[in-house]
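Work through the exercises below with the sequence and the model open. Each task is followed by a solution in steps.

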Amino acid sequence: MSTERLYFDDPFLLRFSARVVGHGAWDGAPSVVLDRTAFYPEAGGQMADHGVLGGLPVRDVQVDDAGVVHHLLALPEGGGLPAPGATLEGEVDRARRRAHMALHTGQHMLSRALLDVAGAATVSSRLGATCTIDTDQDALDEARVARAEALVNAIIDDDIAIRAFFPTPEELAALPLRRAPKVTDHIRVIQMGDFDVSPCGGTHCTRSAQVGLLRVLGVERYKGKGRVLFSAGPRARGELWDEAGTLRAMGRDFTCGVSEVPTVVEKLRRELTEARESLGAARAKLAEHAAQELARTLDASPDKHLVAVLDGAGPEQLRAVAARLTSQPQAVVFLAGRLPDGMPVLIARGAGSGFGCGAFLKKAAEAAGGRGGGRPEHAEGRLPAGSDWPALVASLRA
């Protein structure tokens, strides 16, 4: 037998009594089947309700093709399911239900607005940790999406009535449905005044003002569809408060007003860019100076091999020095930089050398407990801070 769903008539019903009519299974987990329930099972892109049933936490609710609602409980170790025939008290998690009602109602409203304003029909939606609407357009104009968002919030402000009902076949045929029903009988319709009429089995608000607000969080292209990311209701309000708190904290740190934060951040970005450019120029000069000093050592080397450790040098500086030194065809350079958090290393050869840089560095990294490798002509890696690079190179060359 199918389960009577109490939330169809009253989405604000949170406490109820029901009788256990049997046990079932969902995805290999045992479930309780009731004669009636106020718990919404996952369906239509909306996540399941949580709460308590018979004193046990409800961790998931699912519905099968026969309309049987499966309540999956968090059982204590060694505990069993409530027995058939038992009467249980159920309580739906109010905060989760209320958030889902606002998100689902907001999705209907935004789908309608996207169709009216942007000509974008909804092909699918998902109401999870991230809420999305995928449309039949491969790209969405952000200005039109913004107008759709404004339209939805205007409808929220107007506090229009929202009706959930099961029309007769004759009534259904006369309704201006935004999309076709996914089922052929017992079709439930959500009507938002004259704004939107859609078939849906989910939980919704009973007036538009109960949604509170709707926010579009982003527009992107996903699998060839124009996707809108959104939030609504308590979730959107919480996100706004968090963002406002972050801005206030930044204003305190920058000793400016909230409205001045973007200007201060832009000023800091310019200063950082200038500092990076100056640092890059200084590093280039330092690399050139180091290369000149090391080139004299390399010239005096009988085998044209050079081992060196440069204090404070990172990978970029090592590459600059190596490029200068390996202009000598037979040169092979073993360079390392000494930094607080580790030792970047680089081995490179000139065009006339046959030395295997990648294989050598792989052995060095394994011996020192670091990582690294590369091509025969050039290899890079990183060793633990404090590694004795000259001794390591000498031992492996020996």
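**Exercise 1.** What covers the buried residues of helix 6?

The model is predicted, so local features need pLDDT of at least 70 and side-chain atom pairs count only at pLDDT 80 or more, while totals for chains, interfaces and linings use all residues. Residues are numbered from 1 along each chain as its sequence is written, and side-chain values use heavy atoms, with hydrogens and water left out.

Step 1. Locate the element: helix 6 is formed by residues 315–325. Helices (H or I, at least four residues) and strands (E, at least two) are DSSP runs, numbered from the N terminus.

Step 2. List its buried residues: Gln 317, Leu 318, Val 321, Ala 322 and Leu 325. Buried means under 20% relative accessible area, exposed over 50% and partly exposed in between (1.4 Å probe, protein chains only).

Step 3. Look down the helix axis. The buried residues of helix 6 lie within an arc of 135 degrees, so they line one face of the helix. The arc is that of the directions from the helix axis to the C-beta atoms.

Step 4. Turn to the face away from the buried side, where Glu 316 and Ala 323 are exposed.

Step 5. Name the cover. It includes helix 5 (261–300), strand 16 (305–311), strand 17 (332–338) and strand 18 (343–349). Contact means heavy atoms within 4.5 Å.

**Exercise 2.** Find where Asp 27 is placed, and describe its phi.

Step 1. Asp 27 sits in the loop between strand 2 (15–26) and strand 3 (29–34).

Step 2. Its phi is near 55 degrees, a positive value in a residue other than glycine. Most residues other than glycine have a negative phi.

Step 3. Asp 27 is exposed, at a relative accessible area of 78%.

**Exercise 3.** Do the same for His 186.

Step 1. The loop between helix 3 (169–174) and strand 12 (189–192) holds His 186.

Step 2. His 186 is not a glycine, yet its phi is positive, at about 50 degrees.

Step 3. With a relative accessible area of 63%, His 186 is exposed.

**Exercise 4.** Describe the chain as a whole, starting from its helices and strands.

Step 1. Eight helices and 20 strands make up the count.

Step 2. The radius of gyration of the chain is 33 Å, against near 21 Å for a compact globule of 398 residues. This radius is taken over C-alpha atoms, and the globule rule is 2.2 Å times the number of residues to the power 0.38.

Step 3. The C-alpha trace spans about 100 × 55 × 40 Å along its principal axes.

Step 4. Of the 398 residues, 41% count as buried.
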